[in-house]
Amino acid sequence: MMGKFTVWIVLAGVAWLGWTLWRIGRRRAESAESPPPAGSDSAGPPAQGTGPAAGESPPEPMLRCAHCGLYLPSHEAVAGKRGSSYCSTAHRDLTEPAPRDPPASR
Ligand SMILES: [Zn+2]
């Protein structure tokens with residue numbers, strides 16, 4: 001009984017794998033067949049500076065939290081006072097306590 005069930009699971013996995021590979025190959029073929037949008041007659045490089053690798057989004061620089069060492073994307077980092085970056089305002093306050101300017105809480 002269990003052997004038959006296992007066979008079905010394996011068959012499903014193989015089918016999923018084949019479908020995924022087929023999808024990836026189809027996407028690559030489509031992107032390869034699509035002609036470049038500009039620069040049909042110009043002999044030089046395209047005037048629109050798209051960069052050498054036309055990626056979907058530029059790689060975001062990773063910043064390191066100066067307190068716990070966690071790496072996080074730059075748009076999620078909290079900027080410190082001395083040019084350092086932190087993963088959260090709590091770690092920034094722990095590392096850079098305000099000397100004479102306590103927060104007005106309490
Ligand atoms: Zn941190």
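Me: Let's start in the middle of things: which residues form the largest nonpolar core here?
Reply: A core like this is a set of buried nonpolar residues joined through their C-beta atoms. In this predicted model, the largest one has 5 residues: Leu63, Cys65, Ala77, Tyr86 and Cys87.

Me: How should I read burial over the whole chain, and what share of the residues is buried?
Reply: Burial comes down to counting neighbours, with 20 or more other C-beta atoms within 10 Å needed to qualify. By that count, buried residues are 6% of the 106 in the protein chain.

Me: Back to the core, then. What does Cys87 touch?
Reply: Skip the neighbours within four places in sequence, and Cys87 is in contact with Cys65, Cys68, Leu70, Leu72 and Ala77. Cys65 and Ala77 are listed with Cys87 in the core too.

Me: Leu70 is on that list. Where is it found?
Reply: Look in the loop between β1 (62-64) and β2 (71-73). Its C-alpha atom is 6.8 Å from that of Cys87, although the two are 17 residues apart along the chain. Leaving out residues up to four places away, Leu70 touches Cys65 as well as Cys87.

Me: Why does Leu70 count as partly exposed?
Reply: Partly exposed is the class between 12 or fewer neighbours and 20 or more. Leu70 lands there because it has 14 C-beta neighbours inside 10 Å.

Me: How do I read the overall layout, and what pattern does the chain follow?
Reply: Walk along the sequence and note each element in turn. You get α-β-β-β-β-α, that is, 2 helices and 4 strands.

Me: Which helix holds Thr95, and what does Thr95 contact?
Reply: Thr95 sits in helix α2 (residues 89-95). Beyond its neighbours within four places, it is in contact with Ala66, His67 and Tyr86; Tyr86 is one of the core residues. Thr95 has 16 C-beta neighbours inside 10 Å, so it is partly exposed. Its C-alpha atom is separated by 9.1 Å from that of Gly80, 15 residues away along the chain.

Me: What about contacts that span a long stretch of sequence: what share joins residues at least 24 apart?
Reply: Take the contacts between residues at least 6 apart in sequence; 10% of them join residues at least 24 apart.

Me: Last one: how far do I trust the coordinates, and what is the average pLDDT?
Reply: Where pLDDT is low, don't read the predicted coordinates in detail. The protein chain averages 82, with 71% of the residues scoring at least 70. Confidence is highest in strand β4 (residues 85-86), at 96, and lowest in helix α1 (residues 2-33), at a mean of 90.

Terms used
Residues numbered from 1 in each chain as written. Predicted model: local features only at pLDDT ≥ 70, side-chain atom pairs only at ≥ 80, totals over all residues. Core = buried A, V, L, I, M, F, W, Y, C linked by C-beta atoms within 7 Å. Contact = placed C-beta atoms within 7 Å. pLDDT = per-residue confidence, 0-100.
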